[in-house]
Amino acid sequence: MNTRARAWGAIAVVLAIIWAFPVYWIVNSAFQPVEALRSPDPSFLPDFSAAGFSRVFDESFVDSLKLSLTVTLLAIVAAALCGFVAAVAISRFRFRGRKSFIFTVLAVQMIPPEALFISQYNMLSEWGLLNSVVGLGLLYTALILPFTVWMLRGFVDGIPIDLEEAAMTDGCSRTRAFFTITFPLLAPGLVASGVYGFLQAWNEYTLAVVVMDPSNRTLPLWLKGLTDVSNEAVDWPAVMAGATMVATPVIILFMIVQNRMTSGMVSGAVKG
Amino acid sequence: MSSTRLTHRAGTYGLLVPTILVLVVGMAYPLGRQLILSFQEFGRAQQFGQPAPFIGLDNYRELVTDRTMWAVISRSLAFCAVCASITMVLGTAFAVLMKAVSTVPRLTLQISMLLAWAMPVIAAMTAWQWLFDTRYGLVNWLLTKVGLSDFDDHNWLIEPLSFFFVAGVIVIWMSVPFVAFTAYAALSQVSEETLEASHLDGATAIQRFRHIIYPTIRPILTIVALLQIVWDLRVFAQINFLQNAGGTPSETHLLGTYIYSLGIGQNDYGAASAMAMFVLALTLVLTFRYVRSLLKEESR
């Protein structure tokens, strides 16, 4: 039994190495001089040559970083504001049409961007919003808002209404009770949904390809642009350095919210 | 009293307005437009302001009789079926493995899965493109090293089947972690006592999986499989990226990239809209029951 358990343990470790290998390969290649990646035999250990990073860290990276940050922040803030009030409404009040609203919020999440981007492109083109922060930000807000509503609703549900009612018996108005008692308790929920929205918008590729021009690229498009030269000419250490820079903040944030992501994706969102 | 209640109710609806506004402008309005567009002839001339004539079901008829579109649909369904089933099997197997081993190997596997899961899709794509690179890629080097000299300077993306093999490896690599973590969480609900009792009664590992473990985790696995199918039908980023990296677009289009090339590539917005409506309908049919079950849970 013991040797068998050990054998399974060894298999698990081997699988872990295989699965993490592409990630290791990015980092390893990022720290190689370009000659090393063009030699007949690969180098398996990083050389700690940061030349790739300095080649890739140029104006176009900074421009794309700014664009990605602007669009992402715009979408997160807009989604948080809209989503927060909607979450309060469906969690704290019962009203006609509440169920249809919830159903819509859930169903909209299932619509793939591929099923709408043609007419979204058409619409933005008509409004002169193609290749603009506002246009892309609008689509991203619509993309992350349903999940934000659903997630925040779970957090509002988790805060007992008794707390508010107690404050109201003490003479607070309902609104005041909400903002002094419940709102501070919602901070973790706002952070979690913000992180989720960040990951979505930061990594988004499909809509960015459709809406943005090659002159005005978000980070994923910028990263892909680095490989858009003839195969022989790709500067792989620089591409891998770019991939490292794009992925690092994402991986850190992801690790923080991972637990919620697992349960959230299965139940439509997080409950309490 | 009744008047305060009325303002109260109006206030409640007011809270929904921003969300509804965003969803209408960002999704419902384009959706309505798309529906209309799919019954119109809308090409380059219409892009420049000419009126778009209604042509009834012509766009749909054109699609149904078009060989290319059937090729794209069957390719997409096949790709989705293969990727989703391999992902489900591997993910569940990984979850069972995580459950069976001691803490150190389990944590190692979990951290590695998390890394793969967290990778932004385009960063992951560049890594795989580099691994499968014709001249200097590690995969060709490794295969040549073990004696398969055919793979010296082998181009993985030029043949459609080999293209989809690479795409499939990437899609599966990215999706297994989600299945593994979810199935692992579900496995924690399996009763240890029942398992122990069945062990004492002489049940084999396979019997225990079939009769005790599987029935407990089945509801979660069903949902995960459904999400997996929906996600693997829409692999725009991966296919688009690999096509740019050297694939032959006309032979490797799946639903998403085909709609893109029809509409934004060839300016045939009418036909592209009709195709998009088909993808939308397919997704809604697939997910309708899941969304309804979420809603039911909600009213409980």
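The exercises below work through a predicted model of two chains, A and B, each with a solution in steps.

**Exercise 1. Find what the confidence scores say about the model and about each chain.**

Begin with the scores for the model as a whole, which are an ipTM of 0.88 and a pTM of 0.90. Next, take the chains in turn: chain A has an average pLDDT of 88, with 94% of the residues scoring at least 70. Within chain A, however, the pLDDT is below 50 over residues 268-272, a stretch that has 18 contacts in the model beyond near neighbours in sequence. Where pLDDT is low, the predicted coordinates should not be read in detail. Chain B averages 89, and 96% of the residues score at least 70. Finally, compare the elements of chain B, where the lowest mean pLDDT, 80, belongs to helix α2 (residues 44-47) and the highest, 96, to α6(B).

**Exercise 2. Describe the side of chain B that touches chain A.**

First establish the extent of the contact, in which 82 residues of chain B meet 78 residues of chain A. Then ask which element of chain B gives the most to that side: helix α1 (residues 2-37) of chain B does, with 17 residues. Sorting the residues of this side by class, one finds 58 nonpolar, 19 polar and five charged.

**Exercise 3. Work out how helix α1 of chain A and helix α6 of chain B are placed relative to each other.**

Start from the axes of α1 (residues 2-30) of chain A and α6 (residues 121-131) of chain B, which come within 9 Å and cross at roughly 80°. Because angles of 65 to 115 degrees count as roughly perpendicular, α1(A) is roughly perpendicular to α6(B). The next step is to locate the residues that make the contact: on α1(A) they are A:Pro22, A:Trp25, A:Ile26 and A:Ser29, and on α6(B) they are B:Ala123, B:Ala124, B:Ala127, B:Trp128, B:Trp130 and B:Leu131. Divided by class, the residues of this contact are nine nonpolar, one polar and no charged.

**Exercise 4. Identify the residues with the most contacts inside the largest nonpolar core, and follow one of them outward.**

The largest nonpolar core holds 161 residues, and B:Ala123 and B:Met275 have the most contacts inside it. Helix α8 (residues 160-187) of chain B gives the most to this core, namely 16 residues. To follow B:Ala123, set aside its neighbours within four places in sequence; its contacts are then A:Ile26, A:Leu223, A:Ala243, A:Val246 and A:Ala247.

**Exercise 5. Decide whether A:Gly154, A:Arg55 and A:Thr180 are buried, partly exposed or exposed.**

The reasoning needs two cut-offs: 20 or more other C-beta atoms within 10 Å make a residue buried, and 12 or fewer make it exposed, with partly exposed in between.

- A:Gly154 lies in helix α7 (residues 133-158) of chain A, and because 23 other C-beta atoms are within 10 Å, A:Gly154 is buried.
- A:Arg55 belongs to helix α3 (residues 51-56) of chain A, and its 16 other C-beta atoms within 10 Å make A:Arg55 partly exposed. Not counting residues up to four places away in sequence, A:Arg55 touches A:Asp235 and A:Ala238. The C-alpha atoms of A:Arg55 and A:Ala238 are separated by 6.3 Å, although these residues are 183 residues apart along the chain.
- A:Thr180 sits in helix α9 (residues 174-185) of chain A, and it counts as exposed because it has 12 C-beta neighbours inside 10 Å. Apart from neighbours within four places in sequence, A:Thr180 is in contact with A:Ala167 and A:Cys172.

**Exercise 6. Locate A:Phe48 and B:Asp153, which have a positive phi although neither is a glycine, and state how exposed each one is.**

A:Phe48 has a phi of about 55° and is placed in the loop between α2 (34-37) and α3 of chain A. With 7 other C-beta atoms within 10 Å, A:Phe48 is exposed.

B:Asp153 also has a phi of about 55°, and its place is in the loop between α7 (138-145) and α8 of chain B. Since B:Asp153 has 11 C-beta neighbours inside 10 Å, B:Asp153 counts as exposed.

Key:
Residues numbered from 1 in each chain as written. Chains lettered and ligands numbered in written order. Predicted model: local features only at pLDDT ≥ 70, side-chain atom pairs only at ≥ 80, totals over all residues. Contact = placed C-beta atoms within 7 Å. Helix = DSSP H or I, 4+ residues; strand = E, 2+ residues; numbered from the N terminus. Nonpolar A, V, L, I, M, F, W, Y, C, P; charged D, E, K, R; others polar. Core = buried A, V, L, I, M, F, W, Y, C linked by C-beta atoms within 7 Å. pLDDT = per-residue confidence, 0-100. Axes fitted to C-alpha atoms, helices over the stretch in contact; angles between N-to-C directions. Parallel < 35°, antiparallel > 145°, perpendicular 65-115°, else oblique.
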